[in-house]
Amino acid sequence: MAIAALSIFSNSPSSSSSSSSSSTTTFHPYPSNPSHSLQPTTFSPPLQTQPSFSLLTKSHPPNNYFSSFRFRPSIHSFFRCRSSSNAPNVDVQFGTAISLFQEIGISFEETKLLLLKSNELTSIQLDSLRDRVLSLHSLGLDRVSINHFVTNRLTVLTTNEIDPLLSFLRNELHGQLAQAKLKRLLLSNEPKNLSSFPQKVRLLVDRGMPVDKIVGVLNKVNLSKAICNRSINEIERIIDFLEPFGGVNLIVKHPAILNHCLDSKLIPRISVLTKLSGGDEDGIRIVLNRFPFILNYTVEHVEEHLQFLRSFADLDDEQIFKIVLVFPAIFTNNIERKLRPRIQFLKECGLDSEDIFKFLIQAPLFLSASFRDNLAYKFVFLVKIGYKYRTKGLAMAIAASTRISCENMQKVLSLFLNYGFSFEDIFAMSMKQPLILRYNHASVETKMKYLIEEMNRDIRELLDFPAFLGYKFDDRIKHRYEIEKGLKGGQISLNQLLTVSSENFTDKQKKDSSVKSELK
């Protein structure tokens with residue numbers, strides 16, 4: 001009878017001698033003494049200097065390629081069988097599968113159980129099995145990961161349906177899909193859902209997603225929800241629905257949007273914003289770009305917050321949407337722990353609904369800032385310099401200070417005190433110019449030094465014109481003072497120097513220059 005010789009990995013001198021032997025034996029898939037079969041060895045990726053080959057073009061690897069995986073061929077790497085009805089090809093497949101699995105780290109006993117449970121292994125060609133292992137390895141999967149596929153999702157090695165996926169990941173995505181994403185993709189999805197994966201991803205490109213952004217998007221979404229378990233038509237519907245709000249560009253900025261179901265989440269949740277804004281698509285686009293996490297909240301959650309603002313703060317939908325535009329994260333705040341007590345505080349300070357609206361537009365962070373670590377310290381500072389509790393003045397001062405840290409506020413107050421101002425002086429200046437409490441302390445110090453050392457002014461001029469500290473130093477203060485100094489010696493009030501518009505200042509400069517020339 002004809003003799004068939006099978007090599008698991010590469011042609012070896014021992015194979016020729018084996019095939020030329022005069023005796024033949026029938027290979028049994030389960031040797032009586034497992035210790036004589038190939039022993040598992042360390043599986044490590046090929047060295048970078050190893051010659052490459054193409055699995056896609058079906059070219060064969062060089063003979064020494066598998067040595068870089070530390071697969072050690074031995075006489076047990078070769079099997080012979082009698083081509084007869086008494087020695088079916090299934091024996092060869094069992095035997096070769098045992099050897100291959102042992103060499104990627106799966107024990108003999110584990111392999112026996114696999115072979116007993118998996119009919120696929122009785123028909124798959126060894127070359128196909130070996131090529132699939134190589135293909136997975138070329139995507140960066142290590143021995144442990146491939147071992148996991150064999151024992152938990154054998155179809156990854158046996159079905160041809162995932163060949164288009166592996167080819168796409170390797171050749172078009174250049175193996176850049178994150179390893180965790182790749183393993184979850186292969187383990188969590190049926191082969192029939194994986195075969196259409198490339199077509200669905202290409203659809204995103206066809207709809208305008210930049211090629212260089214694709215991998216970044218895929219690495220940030222749930223691939224099963226966003227791609228595999230959806231039809232092409234469903235993906236197109238999502239893109240079409242999001243088109244007025246940024247479409248593909250919105251998805252690129254916030255890929256997790258693709259995880260949401262169109263009919264049960266995206267449509268009803270965006271409809272709430274549409275109704276609130278009166279159909280302002282541009283406004284909704286701004287909200288979604290600033291705070292896409294709003295789509296994580298249920299319709300009931302958002303409606304509860306809206307109803308609270310309508311009833312307790314007495315705001316209308318137009319006002320509420322304007323607040324949402326500047327602070328869409330308002331929906332993250334608990335109503336009873338944050339929103340209710342803080343709006344109650346504003347009411348106790350004497351603010352009506354219109355005042356509350358203006359306050360929240362100016363200082364929306366007041367609603368979310370920590371009381372213990374932020375607001376409490378600022379209340380102490382403000383009361384210490386003279387603000388009365390539960391007054392509009394205190395509310396306005398809090399609004400002005402919400403965007404600065406407690407540390408910066410303390411440094412600004414200390415700076416004023418070091419220059420000789422009293423708490424009463426600071427209070428008077430802040431009443432005229434509340435924003436002085438939120439200026440950067442280093443910028444304030446630079447301007448105060450320039451006022452004294454270069455402009456030769458009395459520091460107490462700030463009591464009359466504290467807004468001086470709010471103008472840009474180089475472009476306004478220094479620039480204008482040097483011009484005026486050249487024309488009139490710089491003897492002009494701070495108010496006149498800085499409050500004049502750029503156009504009027506230029507005209508005045510030309511006029512003063514002309515007068516000066518005539519006097520000469």
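## Briefing on a predicted, mainly helical chain: salt bridges, core and selected helicesThe side chains of R202 and E172 come together in a salt bridge with an N to O distance of 2.5 Å, a salt bridge being a side-chain nitrogen of Lys or Arg within 4 Å of a carboxyl oxygen of Asp or Glu. R202 belongs to helix α10 (residues 197-206) and E172 to the loop between α7 (163-171) and α8, so this pair ties together parts that are 30 residues apart in sequence. The model is a predicted one, in which local features need pLDDT of at least 70 and side-chain atom pairs count only at pLDDT 80 or more, while totals for chains, interfaces and linings use all residues. Residues are numbered from 1 along each chain as its sequence is written, and side-chain values use heavy atoms, with hydrogens and water left out.

**The chain as a whole**

- The chain holds 28 helices and 2 strands, where helices (H or I, at least four residues) and strands (E, at least two) are DSSP runs numbered from the N terminus.
- Of the 520 residues, 45% count as buried, with buried meaning under 20% relative accessible area, exposed over 50% and partly exposed in between (1.4 Å probe, protein chains only).
- About 26,100 Å² of the chain is exposed, and carbon and sulfur atoms supply 50% of that area, as computed by the Shrake-Rupley method with a 1.4 Å probe, where for residues only the protein chains shown count as cover.
- Among contacts between residues at least 6 apart in sequence, 74% join residues at least 24 apart, a contact being heavy atoms within 4.5 Å.

**Salt bridges**

- By the rule given above, the count of salt bridges comes to 14.
- In the pair described at the start, R202 is partly exposed with a relative accessible area of 36%, and E172 is likewise partly exposed, with a value of 39%.
- E190 pairs with R153, their closest N and O atoms being 3.3 Å apart; this links distant parts of the chain, since E190 sits in the loop between α8 (179-188) and α9 (191-194) and R153 in the loop between α5 (143-152) and α6 (155-158), 37 residues apart.
- E190 is partly exposed, with a relative accessible area of 41%, whereas R153 is buried, at 17%.
- R310 forms a salt bridge with D317, with 2.7 Å between the closest N and O atoms; R310 is partly exposed at 26% relative accessible area, and D317 is partly exposed at 27%.
- As a general point, side chains of opposite charge can pair when their charged atoms come close.

**The largest nonpolar core**

- The largest nonpolar core has 133 residues, among which F197, F359 and F468 touch the most other members; such a core is a set of buried Ala, Val, Leu, Ile, Met, Phe, Trp, Tyr and Cys residues joined through side-chain atoms within 4.5 Å.
- Helix α15 (residues 262-277) gives the most to this core, contributing 6 residues.
- When neighbours within four places in sequence are left aside, F197 is in contact with L165, F168, L169, L185, L218, L223, I227 and C228.
- In soluble globular proteins, nonpolar side chains tend to be buried together.

**Helix α19**

- Helix α19 (residues 335-348) has 14 residues and reaches 18 Å from its first C-alpha to its last, close to the 20 Å expected at 1.5 Å a residue, the expected span being 1.5 Å times one less than the number of residues.
- The buried residues of α19 are I335, K338, L339, R342, I343, F345 and L346, and they pack against α17 (299-311), α20 (353-362), α21 (371-385) and α22 (392-401).
- An α-helix has 3.6 residues a turn, so residues three or four places apart point the same way.
- At the N-terminal end, N334 caps α19 through a side-chain oxygen that lies 3.0 Å from the backbone nitrogen of E336, and after the helix comes G350, whose phi is positive, near 95°.

**L413 and S430**

- L413 is placed in helix α23 (residues 406-418) and is buried, with a relative accessible area of 7%.
- Not counting residues up to four places away in sequence, L413 touches F381, I385, I426 and L437; the C-alpha atoms of L413 and I426, 13 residues apart along the chain, are separated by 7.7 Å.
- S430 lies in helix α24 (residues 423-432) and is buried, with a relative accessible area of 0%.
- A polar atom of the S430 side chain lies 2.8 Å from the backbone oxygen of F427.
- Beyond its neighbours within four places in sequence, S430 is in contact with I385, Y387, I436 and L437.

Conventions:
Polar contact = N/O pair within 3.5 Å; in protein donor to acceptor, adjacent residues only side chain to side chain.
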